[in-house]
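Please look over the sequence and the model below before reading on. The paragraphs that follow move from a loop to a helix, and then to rings, surface and charges.

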Amino acid sequence: MRNEILELLEKNSRLSPAEIAAMLNMDETAVADEIKAMENENIICGYHTLIDWEKLNKETVTALIGVKISPIRGEGFDRIATRISKFDEVTSVYLMSGSSHDLILSIEGDSLKDISRFVYEKIATMDTVVSTATYFVLKKYKDHNVIISDGPESDERIQIMA
């Protein structure tokens, strides 16, 4: 039951317990209780609204920052990752494998200069940070499983006439 509820909420967090119950042919109270229990257990960690700020002409810049770290004995990457997570500019922190970077950060700011300043003033100066690499997002095509388009979908297949 939990997995089915979570899969629906992950796609659309605005679904009500009544709607979920109807979709899963379950009791509404049972669904509401299960959602509340998963929130209390931190299985559901929050709800997210995906906004296309470009349509509102609000300038925002997103960057992915690769961070190479010298881990601390007995603590690994957890202490530095937790510290970095507390910055308001940081939207996500991921521990990576198979990369030249140990952490990948997702950062949002008002300008390229804001992002650059954040990296060289707050991240690069940390004692365990060895190096950083900044990748600016030029355009988002899909985010949180949502395709972001500029207009109505079009069929871009080539027509072949016989």
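Is His-101 buried or exposed? In this predicted model, His-101 has a relative accessible area of 11% and is therefore buried, since the limit for that class is under 20%. The residue sits in the loop between β2 (90-95) and β3 (103-109), and the cover around His-101 can be followed through its contacts: apart from its neighbours within four places in sequence, His-101 is in contact with Gly-66, Val-67, Lys-68, Met-96, Ala-133 and Tyr-135.

Asp-102 lies in the loop between β2 and β3 as well, and with a relative accessibility of 11% it counts as buried. When residues up to four places away in sequence are left out, Asp-102 touches Val-67, Lys-68, Ile-69, Phe-77, Tyr-94, Leu-95 and Met-96. Val-67, Lys-68 and Met-96 are thus to be found among the contacts of His-101 and again among those of Asp-102. Ser-100, which is also placed in the loop between β2 and β3, counts as exposed, because its relative accessibility is 53% and the limit for that class is over 50%. The C-alpha atom of Ser-100 is separated by 8.3 Å from that of Gly-66, although the two residues are 34 residues apart along the chain.

From this loop we can turn to helix α4, which spans residues 78-85 and whose buried residues are Ile-80, Ala-81 and Ile-84. Viewed down the axis of α4, these buried residues fall within an arc of 100°, so they line one face of the helix. An α-helix has 3.6 residues a turn, so residues three or four places apart point the same way. The partners of that buried set are spread over several elements, for the buried residues of α4 pack against β1 (61-69), β2, β3 and α5 (112-123).

What links the loop after this helix to helix α5 is a pair of aromatic rings, with Phe-87 in the loop between α4 and β2 and Phe-118 in helix α5, 31 residues apart. The count of aromatic pairs comes to one, and in that pair the ring centres of Phe-87 and Phe-118 are 5.4 Å apart while the planes stand at 85°, so the arrangement is edge-to-face, planes over 60 degrees apart being assigned to that class. The two partners are not covered to an equal degree: Phe-118, at 4% relative accessibility, counts as buried, whereas Phe-87, at 21%, counts as partly exposed.

On the surface, Ile-51, Trp-53 and Leu-56 make a nonpolar patch of about 290 Å². Of these residues, Ile-51 can be placed in the loop between α3 (28-40) and β1, and its relative accessibility of 40% makes it partly exposed.

The charged side chains complete the tour. How many salt bridges does a search of the whole structure find? The search finds seven, and among them is the bridge between Glu-41 and Arg-2, whose closest N and O atoms are 2.8 Å apart. This pair links distant parts of the chain, with Glu-41 in the loop between α3 and β1 and Arg-2 in helix α1 (residues 2-11), 39 residues apart. Glu-41 is partly exposed, with a relative accessible area of 45%, and Arg-2, at 27% relative accessibility, likewise counts as partly exposed. The two residues also belong to a network of salt bridges in which Arg-2, Glu-34 and Glu-41 are linked.

Another of the bridges joins Arg-117 to Asp-114, with a separation of 3.5 Å between the closest N and O atoms. Both residues lie in helix α5, three residues apart, about one turn of the helix. Arg-117 has a relative accessible area of 30% and is partly exposed, and Asp-114, at 31% relative accessibility, counts as partly exposed too. Arg-79 forms a salt bridge with Glu-75, in which the closest N and O atoms are 3.1 Å apart. Here Arg-79 is partly exposed, with a relative accessible area of 34%, and Glu-75, at 37% relative accessibility, also counts as partly exposed.

Definitions and conventions
Residues are numbered from 1 along each chain as its sequence is written. This is a predicted model: local features need pLDDT of at least 70, side-chain atom pairs count only at pLDDT 80 or more; totals for chains, interfaces and linings use all residues. Side-chain values use heavy atoms; hydrogens and water are left out. Helices (H or I, at least four residues) and strands (E, at least two) are DSSP runs, numbered from the N terminus. Buried means under 20% relative accessible area, exposed over 50%, partly exposed in between (1.4 Å probe, protein chains only). Contact means heavy atoms within 4.5 Å. The arc is that of the directions from the helix axis to the C-beta atoms. Rings of Phe, Tyr and Trp (its six-membered ring) pair if their centres lie within 6.5 Å; planes under 30 degrees apart count as stacked, over 60 as edge-to-face and the rest as tilted. Patches are made of residues with over 30% relative accessible area and no salt bridge: like charges are joined within 9 Å, nonpolar side chains (Val, Leu, Ile, Met, Phe, Trp, Tyr) within 5 Å. Accessible areas come from the Shrake-Rupley method with a 1.4 Å probe; for residues, only the protein chains shown count as cover. A salt bridge is a side-chain nitrogen of Lys or Arg within 4 Å of a carboxyl oxygen of Asp or Glu.
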